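Hi everyone, thanks for making time today. I'd like to walk you through one protein model, going from the overall picture down to a few side chains. Have a look at it while I talk.

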Amino acid sequence: MNKFERQSAADVQTLPDDIAEELSRLPSEVLSVDDAPSIAPPVPLSSDEVRTIVISLMLTMFLAALDQTIVATALPTIGRQFQDVSNLSWVITAYLLASTAVAPVFGTLSDIYGRRVMIIISLSLFVAGSVLCAIAPNMPMLILARGLQGLGGGGIMPVVQTVISDVVSPRERGQYQAYFSSVWMVGGILGPVIGGVFAEHLHWSMIFWINLPLAAAAIVMLLPKMKKIPVFHRKRKVDWLGGVLLMAAAVVFMLVLTWGGTRYPWLSPTVLAMVGGAVALAVSFVWHARRADEPFLPLPLLTGSVAPFALTAGGCGLGAITGLTVQLPLYYESVYHLSASEAGLALIPLAAVSTVGAAVAGRTMARAKHYKRVAIIGTSWAALCGLGLTVTTLPLWGLLTLMAAFALGLGTTFPVCVVSLQNSVARPQVGTITGAMNFFRSLMSSFTVAAFAAILLIALGIDVPLAGEHHAAGAVAIPTEDMRHAFRYVFGAATALMTTAALCLIAMEERPLAGPSAQQPVEMAE
């Protein structure tokens, strides 16, 4: 037995039984002597300290969620002030591109330099970008500032989820992930409302100034407590080339999804060239990662019996809810003749009830041995509800009821997928896998939005307005029955996504979760 094997065996023998069992199940290609979980007992955190950390992290995530949607309703006002409406879409696109590209970067760097450093950097970038947005003198500066803000916003999500993994055991973690899902949905719902109020009654810059006191409160609450959080990061060389290749591939791919079918035809030379560039960059990243001693994103993390299935199931769930959220207002306005504000309110069942499903799954994970069953049942139920939406014609109340039932099942995927992913890797790699998860989810969401729009384009034979443009739907003059028929294909696509999620969860290995036993109550949840 060599030195590494003797040391690893000794370490495992000193671990508690539940941690030792978890460690023994990790893939051998992912775990090295430097990657092994720390055997030092974590600094105990009182329930009050855990509660303070969770509240501050929820406030931090609320910032990122709010800024993804708060700008939409203020865009017309911004365009009038700067006398530039042709570039308005870039105010949203710049944030989306930047936040998607840097998600895996912040996740990996948190495993190298620690969570405290990266949460400070991400919040600082977010606040700096917010200030520059608020004082931007013209549209180009506003777009650049939104990109800077997106760099910070893209780092917040993976770092927050990684900090939770350091504070709470895997068995308890599901219900906390449900809390954060609720915060994300609430931020998404309140964003357009707050943005519209600020733009109409105050000034559009307030949508950015409001971030300063919220960020300050989060930092004041969080940083003093982070000194007591167990440390699992490991200093190592940063593979900057791999990170740049991954970000470049993501940006080009996102631009394809953003411009394809709108600014350029899908089969235009420009779009085809960009697709080729994205593929070339992705292949280069894989080639480099296979040969680097310490790659930016170790490819073995994305293989095995857990990661590919959890990533796919989570991506399908988020893609389905994002695609429907973007396209349903057009359906409500065209078929049920709702106003723009009423169509926005009609989205609440989809967003709100999905958080209930996440909460149910989180509670189940804290108590049940076979925790993935709740997500299998939930996604299967969502697929059945999606099938019902596809084959039936319902009044508005019936549609909203069935949509709520769909969202209830869909919400169960999120905590199960997140915790299963984090539970499948060594502690010093939790940030990396969490960043990768957020990266692939963002790509899947963008792909689904583009795919649903393409489905409507093919079914209707004409271009249709996208998110933020539904008020112009009347100019398209699409017959109600044609719109009903077209959306059957959209609901069918959402059904296919949930069916795929259910199959992936069935195939995913269900590894034991470390933490309190199923019979032992979870203190923070009471």
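Before we pick out a residue, one term: a helix here is a DSSP run of H or I with at least four residues, and helices are numbered from the N terminus. Please also keep in mind that this is a predicted model.

So, the overall picture. How many helices and how many strands are there in the protein? The count is 20 helices and 0 strands. The chain has 526 residues, and 54% of them count as buried. If you take the contacts between residues at least 6 apart in sequence, 84% of those join residues at least 24 apart. As for the surface, about 21,500 Å² is exposed, with carbon and sulfur atoms supplying 67% of that area.

Let's zoom in on Leu328. You'll find Leu328 in helix α13, which runs over residues 307-335. Is Leu328 buried or exposed? Its relative accessible area is 0%, and the cut-off for buried is under 20%, so Leu328 is buried. Which residues touch it, once we set aside the neighbours within four places in sequence? The contacts of Leu328 are Leu347, Leu350, Met403, Phe487 and Phe491. There is also a long step along the chain to point out: Val490 is 162 residues away from Leu328 in sequence, yet their C-alpha atoms are separated by 9.6 Å.

Two of those contacts, Phe487 and Phe491, come back in the next part. Together with Tyr331, Tyr332 and Tyr336, Phe487 and Phe491 form one aromatic cluster. Phe491 turns up once more if we look from Cys385: the two are 106 residues apart in sequence, and 9.6 Å apart from C-alpha to C-alpha. Cys385 itself sits in helix α16, residues 373-391. Cys385 is buried, because its relative accessibility is 2%. Beyond its neighbours within four places in sequence, Cys385 contacts Leu402, Ala405 and Phe406.

Now back to Tyr336 in that cluster, where there is a charge to look at. Arg484 lies over the face of Tyr336, 5.6 Å from the ring centre. Arg484 also has a salt bridge with Glu481, and the closest N and O atoms there are 3.6 Å apart. Why are Arg484 and Glu481 about one helical turn apart? Both belong to helix α20, residues 480-507, and they are 3 residues apart in it. In general, an α-helix has 3.6 residues a turn, so residues three or four places apart point the same way. The two partners are not equally covered: Arg484 is buried at 16% relative accessible area, whereas Glu481 is exposed at 55%.

How many salt bridges does the count come to? It comes to 2 salt bridges. Besides the pair we just saw, Glu509 and Arg511 meet in a salt bridge, at 3.3 Å from N to O. Glu509 is partly exposed at 27% relative accessible area, while Arg511 is buried at 8%.

On to the rings. The count of aromatic pairs comes to 8. One of them is Trp204 with Phe208, an edge-to-face pair with centres 6.2 Å apart and 85 degrees between the planes. Trp204 is buried at 2% relative accessible area, and Phe208 is buried as well, at 0%. Another pair is Phe439 with Phe440: the ring centres are 5.2 Å apart and the planes are at 65 degrees, so this pair is edge-to-face too. Here the cover is uneven, with Phe439 buried at 4% relative accessibility and Phe440 partly exposed at 31%.

Last stop, helix α10, residues 211-226. How far should the 16 residues of this helix span at 1.5 Å a residue? The expected span is 22 Å, and the end C-alpha atoms are 22 Å apart, which agrees. The buried residues of α10 are Asn211, Ala215, Ala218, Leu222, Leu223 and Met226. What covers them includes α3 (47-69), α6 (115-134), α7 (139-167) and α9 (206-209).

That's my tour. If you'd like one place to start in the viewer, try Tyr336: it belongs to the aromatic cluster, and Arg484 lies over its face. Thanks, and I'm happy to take questions.

How values were computed. Residues numbered from 1 in each chain as written. Predicted model: local features only at pLDDT ≥ 70, side-chain atom pairs only at ≥ 80, totals over all residues. Heavy atoms only, no water. Helix = DSSP H or I, 4+ residues; strand = E, 2+ residues; numbered from the N terminus. Buried < 20%, exposed > 50% of the residue type's maximum accessible area, 1.4 Å probe, protein only. Contact = heavy atoms within 4.5 Å. Areas by Shrake-Rupley, 256 points an atom, 1.4 Å probe, with all protein chains shown as cover. Salt bridge = Lys/Arg side-chain N within 4 Å of Asp/Glu carboxyl O. Phe/Tyr/Trp six-rings, centres within 6.5 Å; stacked < 30°, edge-to-face > 60°. Lys NZ or Arg CZ within 6 Å of the ring centre and 35° of its normal. Expected span 1.5 Å × (residues − 1).
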